[in-house]
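Trainee: I have the model open in front of me. Could we go through it together, one piece at a time?

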Amino acid sequence: MSSPKASSDFGNSPLLQLQGLQVHYGSVQALHGVELMVRQGELVALLGPNGAGKSTTLRAISGLTAPAAGRILWRGACLAGLPAHRIVRLGIGHCPEGRRVLARQSVAANLELGAWLRRDSAAIRHDLDRCYSLFPRLAERRQQLAGGLSGGEQQMLAIARTLMGRPTLLMLDEPSLGLAPRLVEEVMAILAGLHRDGLSILLVEQNAEAALRIADRGYVLEAGAISLAGPARQLLNDEALRASYLGA
Amino acid sequence: MDVLLQTLLNGAAAGGVYALVALGYTLVFSVLGVINFAQGALFSLGGYLTYLLMGGHISVSGGLPGWGLPIALPFAAALLLAAAGAALLSLLVERLAFAPLRRRNAEPLLSLITSLGAGLVLVNLLQLLMGAEGYAFPAGSLAGLPAVVSLGGARIRSVQVLLLLICAAVVLLLTLWLEGSRGGRALRAVAEDPTTARLLGIDSDAMVRLAFLLSGALAGLGGGLVGVSVSLPGPYFGIGYGLKGLTVLVLGGLGSVPGAIAGGLLMGLAEAMVPSGASGWRDALAFAILFVVLLLRPTGLLGRRLVEKV
């Protein structure tokens, strides 16, 4: 399914589209018809308070949680029923909440597992070097166990490991969570750099200001539905948003 | 000196078998966090399959008295096929006793009961077919192998040496595979964090099936090896080894591969130190060791701390 309206909007085709997405956890409804789109090359921020359903949205896209209704379209094709390990193959890289590095394995082994689906060993080595130059602290600690890294280093490892899968769309869940302000800036600068290089990114954040500074567009999710959407600059200046999330 | 060497070798051989059983538990435990209680029954199955594949016949008290397979394979081939048979049955156990519960997100502890049930059904089917009494492997099962070898003045049953070598080789191959291969690394990723593994593109359900396949093969190998070195004392004999393997598992530390190997050897050697006149005390000794180790190190010899994640 193609959307001529989107291409005239931005000149780019939609990569990911959520249409009326609903998710239930038992008898609790977490998402009430979420509508969202990420175009090729865009950095889209998904904002909202704790418990609004941001992580659930990402989990539904990557196949970890089955939607109750609605459609998830990837390049126009419906992802319904595909298991998580098949969805990764399509180019959707999900860096989950809470870092989730493999603590008992080395930094290098974690990164190599990020490329588990790939067989192009020369290109994998090249990407490994690129990750180490992007995150020099990981290069220093490449033989250490991932469980011994600091919180910020684990976050960087989790991002780098997702990059090792060469995703078309990088989905990040709260990469700034628990990081010192200086590290938040560092992570955001790296994401902005990846975006400049053409990577499409869907960034889930509670730190709305940091996310909107680097994003093209943003969505605000409240109680399982999109309450506000628009260009990042416009959202940054939105009175209601400023009052509730930007602390101004 | 000879007696000591002899004792050590016997102990190491028995310990190797315990390590195989404990490794089988470890593989499944590491990916699912539960114990597969059907492991002992698969051990029995391995022993009986090896016996039948080598041309053994069913006794008069069995369900098909006098029946035997129309083939008589050499020991090595029979053992490998028996291991493959136990591996396939282990997959069936996963399908029947574990997968339905996982699909419904049931309490993982429930699979202790379902796997115990699957094991009891299997052992009782074996008893129906083969009868309750023991079987000895036909004389000359290990054709070409002298019954006894001399080693540094000690006279050792060569089957014990063979058993020890096979166990060592299997343990070594499994460890190398887990550490170095693509599948082994995927299995360890699933063991550590199934969700992350899925997001890396690893089919965690396939890895769970692989863990059952391997653990079934280990049980089948153990059963065939014990059968040829001692005998098949009855369909329940694997349950005894299964329980001993559980002891070893806890002794070495739940989920730890080196722990399962070290625990198996320790248990085998300790038992071998019990004088043959007091062999009734063997199991008492096993549990005394377990008691002392758990008193000093509640997580087992090489186990990790129970609370790892904050």
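Trainee: How many residues of chain A are in contact with chain B?

Mentor: This is a predicted model, in which local features need pLDDT of at least 70 and side-chain atom pairs count only at pLDDT 80 or more, while totals for chains, interfaces and linings use all residues. Residues are numbered from 1 along each chain as its sequence is written, and chains are lettered from A and ligands numbered from 1 in the order in which they are written. Two residues are in contact if their C-beta atoms, placed from the backbone, lie within 7 Å. Chain B brings 13 residues to the meeting, and the number from chain A is 16.

Trainee: Which element gives the largest share of the side of chain A that touches chain B?

Mentor: Helices (H or I, at least four residues) and strands (E, at least two) are DSSP runs, numbered from the N terminus. The elements that give two or more residues to that side are α4 (107-114) and α3 (84-89) of chain A. The largest share, four residues, comes from α3(A).

Trainee: Which strands stand at the edges of the open sheet of four strands in chain A?

Mentor: Strands count as paired if DSSP finds at least two bridges between them. The order here is β2-β1-β4-β5, with antiparallel pairing. Each edge strand has a single partner, so one side of each is left without a neighbour in the sheet; the two are β2 (28-39) and β5 (77-78) of chain A.

Trainee: Which residue stands opposite A:Leu73?

Mentor: Look at strand β4 (residues 69-74) of chain A, which pairs with β5(A) in the antiparallel sense over two bridges. Opposite A:Leu73, in β5(A), stands A:Cys78.

Trainee: And in the six-stranded sheet, what is the bridge partner of A:His94?

Mentor: That open sheet of chain A has mixed pairing and the order β6-β7-β8-β3-β9-β10. Its edge strands are β6 (92-95) and β10 (225-231). β6(A) pairs in the parallel sense with strand β7 (residues 169-173) of chain A over four bridges. The partner of A:His94 in β7(A) is A:Met171.

Trainee: Over in chain B, which residue in the turn of the hairpin has a positive phi?

Mentor: Strands β1 (residues 148-151) and β2 (residues 154-157) of chain B run antiparallel and are joined by four bridges. Within that pairing, B:Val148 stands opposite B:Arg157. The two strands form a hairpin with two residues between them, and the one with a positive phi, about 55°, is B:Gly152.
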